[in-house]
Each structure stands twice: as structure tokens, then as C-alpha cells.
Amino acid sequence: MASERDRVDSRPLSDRVEELLAHEGPLPIVAAGDPVLRRTAEPFDGQLDPGLLARFVAALRGATMHAAPGVGLAAPQVGVSLRLAVIEDPAPLPEEVRLARGRVPQPFRVLVNPAYEAVGPYRDAFFEGCLSVPGWQAVVARHAKVRLRALDERGRAVDEEFSGWPARIVQHETDHLNGTLYLDHAELRSLSSSQAMADRWNDPTPVRAARALGFLLPD
């Protein structure tokens, strides 16, 4: 028999979002192990009226993503199984790191019903973390360039190519909407605590970590 916590909330999604927004401060981020992170999220089709959608997006961005801090946040990460994510990356890193990772500043974006496809065969591998898997990072090989199709918060079509770190963010957040965590793609021999990252592996690329921990990087 399923416990109360494991049962899917049958209330209208708008009621659940209103309840979330009634609390002050950051929205609670759910951690790996919560079933909501393993479900395919429901496509957005007007379940939230424009005013509620705007309030929800604002809470995802400012009170939660910025406070965490993070560069992306998907609705399932706050317990809302809806195909909606926000991304924003000021990329406040040393120039050497930014160049090695292709990490350039990204303006704030809302992605509604996003989907991506690879552009070209190339893959990049870097350490990656997740707000729903706090305290750990692992190397993930991802498409170096992707084409994103989505809508924005006003229902306007988005059809854009992303490369480097922005492509990684797009893939990471869209994967959340498909019930996928970054660990599903990760090289598990690379799994490192935040302390190990600070002490050992805070390099622009994971080449040294690959040699020491015994895993392969894409050619």
C-alpha cells in the first residue's frame, strides 16, 4: 500500500502552485529519491493563468534559483510536475575557466515545453552538479551543441542553437522534465563530494581527475 507521501496529489495543479507560493522565501527544492523527479512532466497547456504563471516563474527565478544559487531550475525540482524551467547564468568565473568550458553569460529565459536535439557528433565532458543532488558532482559527457525548441512564458516560439556550457544547461534542465537526473548520464567513477571538488578537482577541465580516478573522457 502506498504511503500518503507517495500518492500523487490529485488537486488541480494551479491549487498546488498557489499553496507553494503562499509560503515566504525560497520554494523548497526536492532531493533525489522523490518520485516527482522521476516522472515525465505534464506539458504546459494553460494550467496556470498568466498571472499565476508569472508569479511562479518569479519565485523559481529570484527566491529559489538565485538563492540556491544555481543557473537553472525545473518545475519538478520544486515538486510541480510541469514542463517548465528557468535558466540564467552570469558566468562569474575566471577567464581561463570560461574559455575552457565555453561558459558565456546567458540572459534569463523561461523554457515552456522544451525539447532538444544534438547538432553534430561532438561531446564535451565536465563536472556537473544539481540542486536536487546537493553536495556532489560528477563528470557528464553531453552534446557540445544542441537545437532547442520551446515556447517562452508568453507563448512565443523558441528555435535556437546553443553550444558550450549554455547547451549543457539546456540539456540538464530539459532532462529534468523527462524524469532524468544528471547522474543517469554521469561517469560514476568521477563522483566527488563538494569538499573533494574544492580540494582536488577545481580545474578548468576534468583531465587530471580522469587520470587519477580512472575514467575516460570523450575524444
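**Figure 1. Overview of the predicted model.** Buried residues make up 42% of the 219 residues in the protein. This is a predicted model. The average pLDDT is 94, and 96% of the residues score at least 70. Residues 1-6 are an exception to note: their pLDDT is below 50. Beyond near neighbours in sequence, that stretch has 4 contacts in the model.

**Figure 2. Elements and overall dimensions.** The protein has 6 helices and 8 strands. Read from the N terminus, the elements follow the order α-α-β-β-α-β-β-β-β-β-α-β-α-α. The radius of gyration is 18 Å, close to the 17 Å that the globule rule gives for 219 residues, so the protein is as compact as a globular protein of that length. Its C-alpha atoms fill a box of roughly 50 × 40 × 30 Å along the principal axes. Among contacts with a separation of 6 or more, 68% join residues 24 or more positions apart.

**Figure 3. The open sheet and its edges.** 5 strands make up this sheet, in the order S1-S2-S3-S6-S7. The pairing is antiparallel. Strand S1 (72-74) and strand S7 (157-163) each have a single partner strand, so one side of each is left without a neighbour in the sheet. On average, neighbouring strands are turned by 40 degrees against each other, direction ignored.

**Figure 4. Close-up of the S6 and S7 pair.** Strand S6 covers residues 145-151. S6 and S7 run antiparallel and are joined by 7 bridges. Follow Leu148 across to S7: its bridge partner there is Glu160.

**Figure 5. Two helices and the sheet.** Helix H2 (residues 50-66) packs on the sheet. H2 touches S1, strand S2 (84-89) and strand S3 (106-118). The direction of H2 makes about 45 degrees with that of S2. Helix H4 (residues 164-177) lies across S1, S2, S3, S6 and S7. H4 runs at about 70 degrees to S3.

**Figure 6. The surroundings of Arg142.** Arg142 lies in strand S5, which spans residues 136-143. Is this arginine, Arg142, buried or exposed? Its relative accessible area is 3%, under the 20% cut-off, so Arg142 counts as buried. The side chain of Arg142 makes a polar contact with the side chain of Glu128, at 2.9 Å. Leaving aside residues up to four places away in sequence, Arg142 also touches Tyr122, Arg123 and Asp124, among others. Further residues it touches include Arg168, Gln171, His172 and Asp175. Tyr182 and His185 are among the residues in contact with Arg142 too.

Note on methods. Residues are numbered from 1 along each chain as its sequence is written. This is a predicted model: local features need pLDDT of at least 70, side-chain atom pairs count only at pLDDT 80 or more; totals for chains, interfaces and linings use all residues. Side-chain values use heavy atoms; hydrogens and water are left out. Helices (H or I, at least four residues) and strands (E, at least two) are DSSP runs, numbered from the N terminus. Buried means under 20% relative accessible area, exposed over 50%, partly exposed in between (1.4 Å probe, protein chains only). A polar contact is a pair of N or O atoms within 3.5 Å; within protein, one must be able to donate a hydrogen and the other to accept it, and residues adjacent in sequence count only if both atoms are side-chain atoms. Contact means heavy atoms within 4.5 Å. Two strands pair if DSSP finds at least two bridges between them. Axes are lines fitted to C-alpha atoms, for helices over the stretch in contact, and angles run from 0 to 180 degrees between N-to-C directions. pLDDT is the predictor's confidence in each residue, from 0 to 100. The radius of gyration is taken over C-alpha atoms; the globule rule is 2.2 Å times the number of residues to the power 0.38.
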